[in-house]
Amino acid sequence: MASERRRSPRVRVPDGAGGIIRSTIHVLVEDLSLDGVRLQLETPVRPGSTYAFHAQLDGLDLGATIRITRCKAISPSKGAAARGLLHQAGAEFVWERPGEEARVAAWLARRGSVTGTIPADLDG
């Protein structure tokens with residue numbers, strides 16, 4: 001078994017939870033941690049690029065800059081509408097506003113277990 005490489009634990013979000021980057025690119029949010037987010041999107045994004053990210057997460061209005069750390073092509077899941085090739089991207093938060101990181105940390109702490117599901121209503 002491989003050792004955990006993440007700096008902070010991920011929390012899964014409900015299937016279909018979405019957000020937006022760069023004001024125009026809709027994404028599905030797969031999971032979130034204090035340090036970053038994993039996204040699924042229809043277009044590739046370049047590692048090293050930074051984007052504005054926004055999502056509404058069960059009472060948390062999350063607006064932050066993210067830096068893409070990786071992006072790979074993936075096949076759509078079985079049963080999903082035929083949309084062609086998808087991409088999965090990992091991104092780290094670039095905290096720019098004082099107190100924003102602490103606010104997200106407090107919100108994540110209220111959610112409990114790392115493997116638990118966050119109730120979310122994400123609207124780009």
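Helices, taken as H or I runs of at least four residues, and strands, taken as E runs of at least two, are DSSP runs numbered from the N terminus. On this basis the chain, which is a predicted model, contains one helix and seven strands, and from the N terminus on its elements follow the order β-β-β-β-β-β-β-α. Of the 124 residues in the chain, 40% are buried, and the accessible surface comes to about 7300 Å², with carbon and sulfur atoms contributing 50% of that area. Among contacts in the chain with a separation of 6 or more, 58% are made by residues 24 or more positions apart.

The strand pairing can be followed from strand S2 (18-21), which is joined to strand S3 (25-32) by four bridges in an antiparallel arrangement; within this pairing, His26 of S3 is the bridge partner of Ile20. The two strands form a hairpin with three residues between them, and two residues of the intervening loop have backbone angles that deserve separate mention. Arg22, located in the loop between S2 and S3, has a positive phi near 55° although the residue is not a glycine. Ser23 lies in the loop between S2 and S3 as well, and its phi is likewise positive, at about 65°, again in a residue that is not a glycine. Ser23 has a relative accessible area of 63% and therefore counts as exposed, the cut-off for this class being over 50%.

S2 itself is lined by buried residues on either side, with Gly18 and Ile20 pointing one way and Gly19 and Ile21 the other way. In addition to its pairing with S3, S2 runs antiparallel to S5, to which two bridges join it, and here Ile21 stands opposite Phe53.

A second hairpin is formed by S5 and S6, with two residues between the strands and with Asp58 in the turn showing a positive phi of about 40°. Strand S5 (residues 50-57) and strand S6 (residues 60-74) run antiparallel and are joined by eight bridges, one bridge pair being Leu57 and its partner Leu60 in S6. S6 is in turn antiparallel to strand S7 (residues 86-94), and nine bridges join these two strands; in this pairing Arg70 stands opposite Gly90 in S7.

The largest nonpolar core comprises 25 residues, among which Ile21, Val37, Leu39, Phe53, Leu62 and Ile66 touch the most other members. Two or more residues are given to this core by each of S3, S4, S5, S6, S7 and helix H1 (100-110), and the greatest contribution, five residues, is that of S6. In soluble globular proteins, nonpolar side chains tend to be buried together. Phe53 illustrates how one core member meets several parts of the chain: with neighbours within four places in sequence left aside, Phe53 is in contact with Ile20, Ile21, Val27, Val29, Val37, Leu39, Leu62, Gly63, Ala64, Ile66 and Phe93.

Charged side chains were examined next, and a search of the whole structure finds four salt bridges. Side chains of opposite charge can pair when their charged atoms come close. Two of the pairs involve Arg38, whose side chain meets that of Glu30 at 3.1 Å, N to O, and which also forms a salt bridge with Asp31, where the closest N and O atoms are 2.6 Å apart. Since buried means under 20% relative accessible area, Arg38 at 17% falls in this class, as do Glu30 at 15% and Asp31 at 3%. Another salt bridge joins Glu92 to Arg67, with the closest N and O atoms 2.8 Å apart. Because Glu92 lies in strand S7 and Arg67 in strand S6, this pair ties together parts of the chain that are 25 residues apart in sequence. Arg67 has a relative accessible area of 32% and is partly exposed. Through shared partners, salt bridges join Glu30, Asp31 and Arg38 into one network.

Glu30 takes part in a further polar contact, in which its side chain is 2.9 Å from the side chain of Gln40. Gln40 is placed in strand S4 (residues 36-41) and, with a relative accessibility of 16%, counts as buried.

Definitions and conventions. Residues numbered from 1 in each chain as written. Predicted model: local features only at pLDDT ≥ 70, side-chain atom pairs only at ≥ 80, totals over all residues. Heavy atoms only, no water. Buried < 20%, exposed > 50% of the residue type's maximum accessible area, 1.4 Å probe, protein only. Contact = heavy atoms within 4.5 Å. Areas by Shrake-Rupley, 256 points an atom, 1.4 Å probe, with all protein chains shown as cover. Pairing = 2+ DSSP bridges. Polar contact = N/O pair within 3.5 Å; in protein donor to acceptor, adjacent residues only side chain to side chain. Core = buried A, V, L, I, M, F, W, Y, C linked by side-chain atoms within 4.5 Å.
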